[in-house]
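Good morning, colleagues. I should like to take you through two parts of one structure, a helix pair and a sheet. Please look at the model first.

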Amino acid sequence: MIKINKKKLLIAGGGYADIPLILAAKRLGFYVMTSGNRPNDLGHQYSDEYQMADFSDCDAILKLATRLKISAICPCCNDFSALSAAYTAEKMGLPGHDPYTISQIIHHKDLYRKFALENGIASPKALWFTNKKDALKGMESLPLPVVIKPVNLSGGKGISTVHRMDEAEKAVEKAFTILRTQRIVVEEFIEGERHGFSAFLVNGRVVFFFSDNEHYYLNPYMVAAASTPSTVSPEVERKLCMQSEKIASLLSLTTGIFHIQYILRNEEPIVIEICRRAPGDLYIKLVEYATGLDYSGWIVRASAGMDCSNLKQAPVKGFFTRHCVMASRDGTLKNIVFDSSLDSMIIDKLMWWNKGEQVMNYLTTKFGIVFVKFRSQDEMMKTTDRLHELIVAQID
């Protein structure tokens, strides 16, 4: 048996979006182990060791972490992983994580909506239910349209917008069917611009933040691209910093990432989702390309309970987009074609598609991530909304 002298860090996951975290942990000197129930996930190729365990199963991750005698745990880019990491850290006495009950408030939509309502956090008006009958009756008290969501899934899974009551039953069934825990949220539909705000807390204060614009393709509930600098005003960012610090104070949040998705309505940011793990689809690489900051390194440092007091605000230097390559319909993937106009603008990409693979759900299937640098804000905004025309997944 090979003796390992380095401290062991477990990343509860190992997908393509987790590669920056894995590499950052190795740079920090850890022996990095990844987990999950999909051994072919791309991230496992970059870790020192892979151990099969479902990162959505808190007890499975705790059992694995105890057996491996880890020194630190870091969630992957998934809410289930954030919960498992918090649970494991609490049971093992590891630093760098909120208590499990606090992590549940942050990552379960019904618990967060209740918390936001009670504490005056700008969020959609919402109701939450544990069965179909109560949901259909209770939602009549909210004006249409409403959005129906499972409480613990990200990436737009199981979400529907109901414009008429005769659409409600199907939407409620959809949310309950996909859900592991039988709880759903019904909330008011908010009109406005959609954005992301990724902050980093140290001792309850925002020491760094990063703003983006969200762009959508055919799936109205899943971000297809993110661009920066954000088009929002400094005043909106100030309000988001204040909201972040208010939530941090109320929940006594530990040092680390605090990510927000929000809708801007009449210059007021309405918080839709929050999380305490790295956003998916290599978002942290967008932050790094735009600011030069080792964001993945700081996230891992915080998860390991290391000192983060030297982190400072870093401005965006240039105009950048992170784009998810997707298809416009189901079928057989023939090729991915890049328009020549992007040749000098693409600064990085990670592709994992295979010719001939079957696309079964084009609304969620991704074939790669592309990073593009533009010459101006205007060019960035106009071109980002056309990237699905310039990077085409050809389907037979």
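Helix 2 (residues 58–68) and helix 3 (residues 79–92) have axes that come within 9 Å and cross at roughly 50°. Helices here are DSSP runs of H or I with at least four residues, strands are E runs of at least two, and both are numbered from the N terminus. Axes are lines fitted to C-alpha atoms, for helices over the stretch in contact, with angles running from 0 to 180 degrees between N-to-C directions.

This is a predicted model: local features need pLDDT of at least 70 and side-chain atom pairs pLDDT 80 or more, while totals for chains, interfaces and linings use all residues. Residues are numbered from 1 along each chain as its sequence is written, and side-chain values use heavy atoms, without hydrogens and water.

Helix 2 and helix 3 are therefore oblique to each other; that word covers angles that are not under 35 degrees (roughly parallel), over 145 (roughly antiparallel) or 65 to 115 (roughly perpendicular). The contact, meaning heavy atoms within 4.5 Å, involves C58, D59, I61, L62, A65 and T66 of helix 2, and L83, S84, Y87, T88, K91 and M92 of helix 3.

I turn to the sheet. Its 8 strands form an open, antiparallel arrangement in the order 13-12-9-10-11-14-18-16; strands pair if DSSP finds at least two bridges between them. Strand 13 (268–275) and strand 16 (346–351) are at the edges with a single partner strand each, so one side of each lacks a neighbour in the sheet. From one strand to the next, the twist averages 25°.

Within this sheet, strand 14 (residues 319–325) and strand 18 (residues 368–374) run antiparallel and are joined by 7 bridges. T321 has V372 of strand 18 as its bridge partner.
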